Amino acid sequence: MKNMTVIFENLEEFHLTKDVGIIPMLLSKNKDYKVSFVSTFGKFQNSEFEQYITFKFFTRFTNRRINKLLLFFDVIKQAKKLDIIMCFHGGKDKALLFFILKLINPKIKTHVKLDMGELGAYENIEKENDISFIGAIYGKFYNSN
């Protein structure tokens with residue numbers, strides 16, 4: 001059995017009926033994956049998905065940044081047990097998290113779904129104005145097997 005964690009910070013129940021929820025649910029249901037979702041938003045019950053996926057919501061504090069930090073610490077704590085980490089909507093914070101996870105567990109597979117086309121990616125690179133950092137992260141972690 002493979003262990004997979006999905007990071008989706010603003011998870012709402014309707015996301016489960018999109019690629020965010022369907023892909024992990026099908027992996028759990030049909031491919032012997034143990035899947036958990038971690039999020040800084042939401043608390044809902046969906047028995048259809050809960051029979052295949054474990055949900056962990058970090059909503060203890062009103063400050064979402066603190067909740068996100070707690071979420072990241074929780075994922076780091078699980079790093080050695082993880083086979084796959086998946087997130088939606090990349091960023092420097094997730095790139096740093098993936099870097100730490102790869103240091104702890106070099107065999108972990110990373111998957112980032114950006115939900116943008118090539119033009120959007122170039123616009124984000126220009127906004128960040130840090131092409132070397134983004135290129136290094138992309139080359140090191142997003143292409144890793």
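**Group meeting: a walk around the sheet**

Okay, so the protein chain here has six helices and five strands. Keep in mind that this is a predicted model. If you read along the sequence, the pattern goes β-α-β-α-β-α-β-α-β-α-α.

Let's start with the sheet. In what order do the five strands sit? They run 3-2-1-4-5, the sheet is open, and the pairing is parallel. Strand 3, residues 53–57, and strand 5, residues 109–113, are at the edges; each has a single partner strand, so one side of each has no neighbour in the sheet. From one strand to the next, the twist averages 20°.

Now look at one of those edges. Strand 2, which is residues 33–39, pairs with strand 3 in the parallel sense, over five bridges. If you want a spot to click on, try Ser-39: its bridge partner in strand 3 is Phe-57.

Next, what packs on the sheet? Helix 1, residues 19–31, does, and it touches strand 1 (2–7), strand 2, strand 3, strand 4 (84–88) and strand 5. The direction of helix 1 makes about 155° with that of strand 2. Helix 4, residues 92–104, packs on the sheet too, touching strand 1, strand 4 and strand 5. Its direction makes about 180° with that of strand 4.

Last, some whole-chain numbers. Of the 145 residues, 37% count as buried. The chain exposes about 9,000 Å², and carbon and sulfur atoms supply 54% of that. As for contacts, take the ones between residues at least 6 apart in sequence: 64% of them join residues at least 24 apart.

Technical notes
Residues are numbered from 1 along each chain as its sequence is written. This is a predicted model: local features need pLDDT of at least 70, side-chain atom pairs count only at pLDDT 80 or more; totals for chains, interfaces and linings use all residues. Side-chain values use heavy atoms; hydrogens and water are left out. Two strands pair if DSSP finds at least two bridges between them. Helices (H or I, at least four residues) and strands (E, at least two) are DSSP runs, numbered from the N terminus. Axes are lines fitted to C-alpha atoms, for helices over the stretch in contact, and angles run from 0 to 180 degrees between N-to-C directions. Contact means heavy atoms within 4.5 Å. Buried means under 20% relative accessible area, exposed over 50%, partly exposed in between (1.4 Å probe, protein chains only). Accessible areas come from the Shrake-Rupley method with a 1.4 Å probe; for residues, only the protein chains shown count as cover.
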